[in-house]
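Me: I am new to this structure and should like to understand the terms used to describe it. May I put some questions to you?

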Amino acid sequence: MSRKLLLLTSALAASAAIPAYADQAFNRIATFPVATNLPAGVDAATLTSSEIIAATEDGMTLVYSDSPLGGVGFIDITDAKAPKAAGIVKIEGEPTSVTVLGGKVFAGVNTSKTKQEPSGNLTIIDLASKAIDASCDLGGQPDSVALSKDGKFLAIAIENERDEELNEGALPQLPAGNLKIVSLKDGTADCASIRTVDLTGIAAVAPEDPEPEFVAFNEAGEIAVTLQENNHIAIVDAASGKVVSHFSAGEVTLENVDTKKDGALSFTGKVENAVREPDAVKWLDNDRLVVANEGDYKGGARGFTIFSKSGEVLYESGPSFEYQAATAGHYPDARNKKGIEPEGLEFAQFGGQKYIFVAAERASLIGVYRDTGKEPEFVQLLPSGIGPEGLVAIPQRNLLVTANETDLVEDGLARSHVMVYELGEGAANYPQIVAAPNEDGTPLGWGALSGIAADPKEAGKLYAVSDSVYRSAPAIFTVDTTKTPALITAKTVVTRDGKPAQKLDLEGLAPDGKGGFWLASEGRTDKLTPHAIFNVNAKGEIKEEIAFPAELLAHETRFGLEGITTLGEGDNLTLVMAIQREWADDPKGQVKLLAYKPKDKEWSAVRYPLDKTEKGWVGLSEITAHDGKLFIVERDNLIGQEAVNKRLYSVALDGFKPAKLGGELPVVAKTLVRDLVPDLKAATNGYVVDKVEGFAIDTSGEAFVVTDNDGVDDSSGETLFIRLGNIAAVN
């Protein structure tokens, strides 16, 4: 495909943020935390994972590999909207992949002592009793397991993966990998039948050291095998065990992509001759196969490719999938070396439509495409947990399931989750906010929305700011909420002396009545980021910086400003700001609401009482003045099932009487307006995210909440844009 065509394809795809067929869509209906399936007596904080996932033939039970725990897990989805833990079978070793036939589960298990001494087996588990029936020695480290369509064979990719610490991960690193073919007899594996298919000598890259990654069968009994690090694909006849064809996965040149990990989203770079290095593979029919180009070794093609089984490129996605991710705020600049890294695949027919599902590990998204027989048609994006790896379609129940391997329990962040989606009537409920593309078709680039504010005159119009994740391009976004999803129509970079302003951590904004904005920046003196208020004009140019006074800074901690709003105007203007957590001079459980009068240059404050918490911490995230009240978002830093406090409170302005700094500060009374946890749970049927960071009320009284996705860094990347309705009815 030519470079010009790649760019055109990308631009067209980026403009199609809403499904082409709005009468039906996949929507998430359930989220299952894998840790709830831990055996009795095991610490709930034990690291766990869901990597590769399969379903029983009746579609009622899910089976997944849990490598860190050393087990195969089961989930009952008889009620797909309420998955239930169905137990774990512990295994000696690390399960890497699973598949199911009848009443048996077949798991590839890595038992290697070292990378230089690979070993593994095929473990057979009885579904009914959850007992291990038998195991077959595989003579190496298995990665992917696939079942033939007729139930006669298993194909197992023996990767014998390279040691990335040895010689900087360079190939070759023997012993070489290979392909195992196992015959199935009476519904179980016949260990004596195992055949080894030699894959050496076929790839141009390290031909003596093939590293098979993924396997898949077509209806004709042919096995597609990806050799990821070798950038090669082989087609093997299962019956004879012969390699019938093989070809290089090739290279792709990408234009107008973001190539720098620099705290800015800039789709102006170029990647030349990036090797595809495919991971997952699926057959679309007996002659076409689709591969996800993760580029784990030296590659980085960032997309997916459809090949004929003779090696002809029938379609190359180029950066178009990546553009879709960026449009929805899911582009991972902090992990930008190889972009969104497509890794997992599924292909299935639902009714009369054939769908390709592509999992992007770094963007934590699933791209849904309709297989047309020619160029795939983009349909929608699905929000996933962190690091989606395995997918399984259950067409007879209109279900799709993803396994998301990343477990950040050690950092107090999101756990590994299995997520269930259903195809049904109606529109997609995610994404809830997207950005219009630039004039040249490249993504506008956004994420990490840390504060929102309403336009003072126009109903349905909001503004938002991004925080220090995008430190090299701090920005103000214009949001049209009359569209569904809400549409970011413009991006204004905050500048100082004509260049993007540095050392800002924008956490709140408020229109200044002159076309510009007051911006609240959370400081960190140890990182040379000042605690300050900035006034910018309509072009984003900083016209004034107001630093915190010495008597305030003397008690500084790293948790500073988290929102700003205005009271009055002209000479009577007062800026009111929320400090996130207690500073050194605050009583435990109380934080300051600051007030500043620009005309008099006077600072004052009150104290705000925080809710108590048994775990984690509680702080403030936003402040908005409306109709005689200050509306304040108070939240804990907990996620998922542990999240308790995501609440909207109000403080009556007639009780808001700030006193001068340095003396006794009055404590305000607060009134609960709304518990936001039910809204967060219902938004997309995902887990409760921790960072509820924005709240605004427009001129018609409509209230909005937005979450901060941390720029997809150790985050699912989901931005929830929740419409609460008229503020008069919110509570």
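Reply: Certainly. One definition comes first: a residue is buried if its relative accessible area is under 20%, and exposed if that area is over 50%. Please note also that this is a predicted model.

Me: What makes helix H2 (residues 320–327) largely enclosed?

Reply: Of the 8 residues of H2, 8 are buried, so the helix is largely enclosed by the rest of the structure. The buried residues are Ser320, Phe321, Glu322, Tyr323, Gln324, Ala325, Ala326 and Thr327. Just after H2 comes glycine 329, with a positive phi of about 80°.

Me: How do you know that strand E41 (residues 532–536) is largely enclosed?

Reply: The reasoning is alike: 5 of the 5 residues of E41 are buried, so the rest of the structure largely encloses the strand. Ala532, Phe534 and Val536 point one way, while Ile533 and Asn535 point the other way, and all are buried. In general, the side chains of a regular strand alternate between the two faces of the sheet.

Me: Why are E41 and strand E42 (residues 542–547) said to pair?

Reply: Two strands pair if there are at least two bridges between them. E41 and E42 have 5 bridges and run in the antiparallel sense, so they meet that cut-off. One of the bridges has valine 536 and isoleucine 542 as partners. Within the hairpin of E41 and E42, which has 5 residues between the strands, glycine 540 takes a positive phi near 85°. Strand E40 (residues 517–521) is also antiparallel to E41, joined by 5 bridges, and leucine 519 has phenylalanine 534 as its bridge partner in E41.

Me: Why is asparagine 231 called buried, and leucine 528 exposed?

Reply: Asparagine 231 has 5% relative accessibility, which is under 20%, so the residue is buried. Leucine 528 has 65%, which is over 50%, so the residue is exposed. Asparagine 231 lies in the loop between strands E16 and E17, and leucine 528 in the loop between E40 and E41. Neither is a glycine, yet phi is positive, at about 55° for asparagine 231 and about 60° for leucine 528. Most residues other than glycine have a negative phi.

Me: What makes glutamate 410 exposed?

Reply: Glutamate 410 has a relative accessible area of 69%, which is over 50%, so the residue is exposed. Glutamate 410 is found in the loop between strands E30 and E31. Together with Asp411, Asp713 and Asp714, Glu410 forms a negative surface patch.

Conventions: Residues numbered from 1 in each chain as written. Predicted model: local features only at pLDDT ≥ 70, side-chain atom pairs only at ≥ 80, totals over all residues. Heavy atoms only, no water. Patch = residues over 30% accessible without salt bridge, like charges linked within 9 Å, V, L, I, M, F, W, Y side chains within 5 Å. Areas by Shrake-Rupley, 256 points an atom, 1.4 Å probe, with all protein chains shown as cover. Salt bridge = Lys/Arg side-chain N within 4 Å of Asp/Glu carboxyl O. Lys, Arg positive; Asp, Glu negative; His and termini not counted. Charge placed at Lys NZ, Arg CZ, Asp CG, Glu CD. Helix = DSSP H or I, 4+ residues; strand = E, 2+ residues; numbered from the N terminus. Buried < 20%, exposed > 50% of the residue type's maximum accessible area, 1.4 Å probe, protein only.
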